[in-house]
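Please find below some notes on the model, set out as numbered points. They take up the symmetry, the interface, one sheet and one residue in turn.

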There are 2 protein chains.
Amino acid sequence: MKFYDCQTAPSPRRVRIFIAEKGVEIDTVQVDLGQGEQFTDEYRAINPDCVVPALQLDDGSCISEVVAICQYLEDKYPEPSLFGVTAEQRAASLMWNSKAEQQGMSACADAFRNHAKGLKGRAIPGPDSYEQIPELAERGRQRVAAFLEKLEHQLAGHEFLAGSHYSIADITAMIVVDFAKRLKIPMPDDATNLQRWYDAVSSRPSAAA
Amino acid sequence: MKFYDCQTAPSPRRVRIFIAEKGVEIDTVQVDLGQGEQFTDEYRAINPDCVVPALQLDDGSCISEVVAICQYLEDKYPEPSLFGVTAEQRAASLMWNSKAEQQGMSACADAFRNHAKGLKGRAIPGPDSYEQIPELAERGRQRVAAFLEKLEHQLAGHEFLAGSHYSIADITAMIVVDFAKRLKIPMPDDATNLQRWYDAVSSRPSAAA
């Protein structure tokens, strides 16, 4: 099994933290996105979507998409569970992971990729070229801010996003908060529950991954 | 358990088909999105995101996000499996479901919601207002077309998207193809594998759901 990573990118960090929480060691290859290594013929043969993270299995097949990689690792290394143990916990973990992806990560990516000077013509990750849309960068910022408010609301009533268990949803949402910081969208001053949760999840040893 | 549906919308249809494949009956409530029923106080109390589908459990809690609802139903009604049985099958199903969501459904939604006259100020589903971005509608159309090409490529080597088993990924992707048709983005004429697969999945009894 081989994990294709990029140390500086938010999405593969979700998998790095997941692996650290599982306490396993997986052979890791750095793909230098800044140098365009994701577009080489060699990497394209591994993952035609030209994105990281990707997990190559021993039969040569490749799993991309963070939730799929994490589900595979959860199946292979069930302890500690990061999706939850009961059907209700699994549903809540996947629900909040999905919200964090679609309302948080996607919005951050819209804000970043439609604005960064180095990403002209690269507004969508992958092999195809798409021009930046400045209005979309601005809308992304608004949506990120709205999602931080939503996190605060959910965490007012729950220790972790999906309830009382730490899960894949907390990993994704923590990375949304960190991505938002890079975009200079801070947590609201009065978001005391979000801050309490962030302090807890970001002080876990896995967060250094 | 109560399923909040809207008969005319693409996302809840994913769950309707999933339920039909499981062969179970679930108490269903229609939410009339055209009349704005998703914004009523009553529905907001069930799902504050103001979207369908949603599945309310008997304890009053609510699961939203299609993949989470489907995972819950998979746990409760394991046969026939629609996520796959092995770790490798589950990963492939989730991976292609995720690609179909992010590269297919999202792109269709961008194309539709940023263009439809009736959705001014409603470019993103949910309680917050976002203005339409016409350039994003056009980019959405380009991405839908690119995703149909990707489906053709994958299906050239596989009976179903995730391999030899019909899965949640096929449900999502079939609905992308149908959504694309509504947007007048047809399958490419030479996409013989996509057409073969579409004929097979859309003639299953569940597709009428």
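1. For what follows, copies are superposed by least squares on the C-alpha atoms of residues with pLDDT of at least 70 in both. On that basis, a rotation of 180 degrees with 0.0 Å of shift along its axis brings chain A onto chain B, the RMSD being 0.0 Å. The two copies are thus related as by a two-fold rotation axis, and in chain A the C-alpha nearest that axis belongs to Leu136(A), at 3.9 Å from it.

2. This is a predicted model, in which local features need pLDDT of at least 70 and side-chain atom pairs count only at pLDDT 80 or more, whereas totals for chains, interfaces and linings use all residues. Residues are numbered from 1 along each chain as its sequence is written, while chains are lettered from A and ligands numbered from 1 in the order in which they are written.

3. Taking two residues to be in contact if their C-beta atoms, placed from the backbone, lie within 7 Å, 24 residues of chain A are in contact with 24 residues of chain B. Helices (H or I, at least four residues) and strands (E, at least two) are DSSP runs, numbered from the N terminus; those giving two or more residues to the side of chain A that touches chain B are E4, helix H3 (66-76), helix H4 (87-113) and helix H5 (134-156) of chain A. H4(A) gives the most, with 7 residues.

4. By class, this side of chain A has 12 nonpolar, 3 polar and 9 charged residues, where Ala, Val, Leu, Ile, Met, Phe, Trp, Tyr, Cys and Pro count as nonpolar, Asp, Glu, Lys and Arg as charged, and the others, Gly among them, as polar. Because 96% of the interface residues of chain A are also interface residues in chain B, the copies meet through the same surface.

5. In chain B, 4 strands form an open sheet of mixed pairing in the order E2-E1-E3-E4, two strands being paired if DSSP finds at least two bridges between them. The edge strands, each pairing on one side only, are E2 (27-30) and E4 (62-64) of chain B. Strand E1 (residues 2-5) of chain B pairs with E2(B) in the parallel sense over 4 bridges, and Phe3(B) stands opposite Thr28(B) in E2(B).

6. Cys62(A) lies in strand E4 (residues 62-64) of chain A. Cys62(A) is partly exposed because 17 other C-beta atoms lie within 10 Å, the limits being 20 or more for buried and 12 or fewer for exposed, with C-beta atoms placed from the backbone. Leaving aside residues up to four places away in sequence, Cys62(A) touches Ile46(A), Asn47(A), Ala54(A) and Gln56(A).
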